[in-house]
Amino acid sequence: MSSFIIWFPIILIGLVILLSSFFIVKQQTAVIVERFGRFQSIRNSGLQMKIPLVDRISGRVSLKIQQLDVIVETKTLDDVFVKLKVSVQYVVIRDKVYDAFYKLEYPHEQITSYVFDVVRAEVPKMKLDDVFVKKDDIAIAVKTELQDAMLDYGYDIIKTLVTDIDPDAQVKAAMNRINASEREKIAAQFEGDAARILIVEKAKAEAESKRLQGQGIADQRREIARGLEESVEVLNKVGINSQEASALIVVTQHYDTLQAIGEETNTNLILLPNSPQAGSDMLNNMVASFTASNQIGEAMKKQNNRKKDS
């Protein structure tokens, strides 16, 4: 029993030492093993073993793609202060884990310094509007500079992105006012064009309406003239000459007008003269005027013929 008590701690210590010689490395991770403070090996994912009390795990390096966000404040060519958020995606090169672990103690600070240097060299060459338009050019410049610098340290720059551009609050307010004014100007132009189109189309419609109205009046007058012509021909057949027929038609229309006015109950139109004697006088005057007109026409024709003969 006493021997068991003596050997039990030794066995327990041996088991602990034996178990400590095994360790597990996760996927996409590299482990740096040192022996008496000196680099020994790089272990990849899986179950690994080291010499107890001689070898030790000095560090673990992630082989996953990582992202570092850097906010840089700088000034543009038109003296506007602006903050840029640059996102750098980088990864440790699998074959250069030793360089990534031993050459750089603080890789984030190193990358941040390069980002500041490039951004503050590129943005002051641009106006504020160009910064928004050429943000991809800034990102490419940052990546090119970082790629050349960090490759020697075992880091590969996958991509750099300018994810945010934040000017001063007053500048943003001014830009919004400019944008609003420009949009109001465009809206006014569209409204003016719409109003102009409406006026033009309305004028076209009115012109078409007048044309159709004029055509209708012309057709109406043509039919009236045709009806009068037929009426005169009918009266000529019963021995009434053209002058008398025209006068009779006018008088008939006069009485038709009086009849139409009489049928309207709310009309306040007064037609003068409207007595029966006035109608008879109108007929006699019209016959006399038509006769005189024909005589004058015949006299003018004879005079023209004499001039031609002489």
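Here is a short walk through a predicted model, from one helix to the core it joins and then to a buried glutamate.

Start with helix H5, residues 135-150. With 16 residues at 1.5 Å each, H5 should span 22 Å, and its end C-alpha atoms do sit 22 Å apart, so expectation and model agree. Now look at which side chains are tucked away: Ile138, Ala139, Val142, Leu146, Ala149 and Met150 are buried. Viewed down the helix axis, these buried residues fall within an arc of 100°, so they line one face of H5. That fits the usual helix geometry: an α-helix has 3.6 residues a turn, so residues three or four places apart point the same way. On the other side of H5, Ile140 and Asp148 are exposed.

What does the buried face pack against? Its partners are strands S7 (81-92) and S8 (155-167), along with helices H3 (107-122) and H4 (128-133). Zoom in on Val142 and you'll find it touching Val86, Val115, Val118, Val119 and Thr160, among residues over four places away in sequence.

Step back, and Val142 turns up again in the largest nonpolar core, which has 34 residues; Val142 is listed with Leu84, Ile111, Val115, Val119, Ile138 and Leu146 as having the most contacts inside it. Elements giving this core two or more residues include S2 (29-35), S6 (66-75) and helix H2 (97-102). S7 gives the most, with six residues.

Strand S2 also holds Glu34. Is this residue buried or exposed? At 6% relative accessibility, Glu34 counts as buried. Its side chain makes a polar contact of 3.0 Å with that of Ser58, and another of 2.7 Å with that of Tyr102. Glu34 also touches other residues, including Phe39, Val54 and Arg56.

Note on methods. Residues numbered from 1 in each chain as written. Predicted model: local features only at pLDDT ≥ 70, side-chain atom pairs only at ≥ 80, totals over all residues. Heavy atoms only, no water. Helix = DSSP H or I, 4+ residues; strand = E, 2+ residues; numbered from the N terminus. Expected span 1.5 Å × (residues − 1). Buried < 20%, exposed > 50% of the residue type's maximum accessible area, 1.4 Å probe, protein only. Arc of directions from axis to C-beta. Contact = heavy atoms within 4.5 Å. Core = buried A, V, L, I, M, F, W, Y, C linked by side-chain atoms within 4.5 Å. Polar contact = N/O pair within 3.5 Å; in protein donor to acceptor, adjacent residues only side chain to side chain.
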